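Q: I am new to this structure and would like a close look at a single part of it, taken slowly.

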Amino acid sequence: MLLASNSYADLSFNALGQGLGLYLGLAVPLGDFAESYSSRTIDETNAGFSGMGAVGGIRYIFRLGSGGLGWAFDASVAINSFDETGFERCFREQMGATLNQLQVYSLQVSADSWWFNIPAVSGPVLRLMLTDENSIYIMLMAGVSVQRAPEVTVSGYLQSGQYIGKAVYSYEKAISPGAVFEMGLIFRVITFGIRFSFMGSKNVGTSFEADLFGAGSKSYDSYERNFPVTIGQFLIGYLF
């Protein structure tokens, strides 16, 4: 998205050299990552229970020859909120019989953080000049992404308000391959872009621990979950 010029007076394409840029914007979850309802159990669903978030990043681009082709190195951090209401709805459907048997009146779902996805990618950039100072660009990059899902705690209460136990879902950090497609407009030193990031891992270690809401025994399980992370991003940037 970001290309910098070696000349403040001449921003034509022929004057473009290697340069640095910063960007920020909105991170909109897509597909399974945005799903907040699933007919499958929590340990089987691909739903990410993810909401709106933000992204910020930095990139460095250098030219390849004298044409419109360049190469970009890009690193960013995308954070997305967690849909605690959707997770509670899914939990109630999965554990409904147990909740009724133990007369659980209310649940409180809390996530210890937002979703974090930190991709580092690299790839070609094509820039096409519209005028001497304005242009459009297209980028296709690939690399890796570090992913952190929030730890989710579900606490149970009787009608009297008495706390009777909790269930905790914990997820390991994961590193997975990722790909990015981006296109946008450049107006002198300001850029506007739309970006689609495809990240995720099929082997995220997960643990579930619960005291079964006061039933007198504890339960523990570990397994692997699929977290397909797809994010649409609306970006604005500045060229140095």
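Along strand S9 (residues 174-187), which side chains point to one face and are buried, and which point to the other and are not?

A: This is a predicted model, and in it the side chains of strand S9 alternate along residues 174-187. Ala 174, Ser 176, Gly 178, Val 180, Glu 182, Gly 184 and Ile 186 point to one face and are buried, while Ile 175, Pro 177, Ala 179, Phe 181, Met 183, Leu 185 and Phe 187 point to the other face and are not buried. S9 pairs with strand S6 (residues 134-148) in the antiparallel sense, over 14 bridges, and the bridge partner of Gln 147 is Ala 174 in S9.

To place S9 in its surroundings, it helps to turn to the nonpolar cores. The largest nonpolar core has 35 residues, and those with the most contacts inside it are Phe 87, Phe 91, Tyr 169, Tyr 171 and Ile 231. The elements that give two or more residues to this core are strand S1 (19-30), S3, H1, S4, S7, S8, strand S10 (190-210) and strand S11 (219-239). Apart from that core lies another, of 10 residues, and Val 180 is among them, as are Ile 61, Ala 72 and Tyr 137.

Helix H1, one of the elements named for the largest core, has buried residues that pack against strand S3 (69-82), strand S4 (106-111), strand S7 (152-157) and strand S8 (163-171). Among the buried residues of H1 are Phe 87 and Phe 91, and Phe 87 touches, among others, Val 152, Val 154, Tyr 169 and Tyr 171.

Terms used. Residues numbered from 1 in each chain as written. Predicted model: local features only at pLDDT ≥ 70, side-chain atom pairs only at ≥ 80, totals over all residues. Heavy atoms only, no water. Buried < 20%, exposed > 50% of the residue type's maximum accessible area, 1.4 Å probe, protein only. Helix = DSSP H or I, 4+ residues; strand = E, 2+ residues; numbered from the N terminus. Contact = heavy atoms within 4.5 Å. Pairing = 2+ DSSP bridges. Core = buried A, V, L, I, M, F, W, Y, C linked by side-chain atoms within 4.5 Å. Lists of a residue's contacts leave out its neighbours within four places in sequence.
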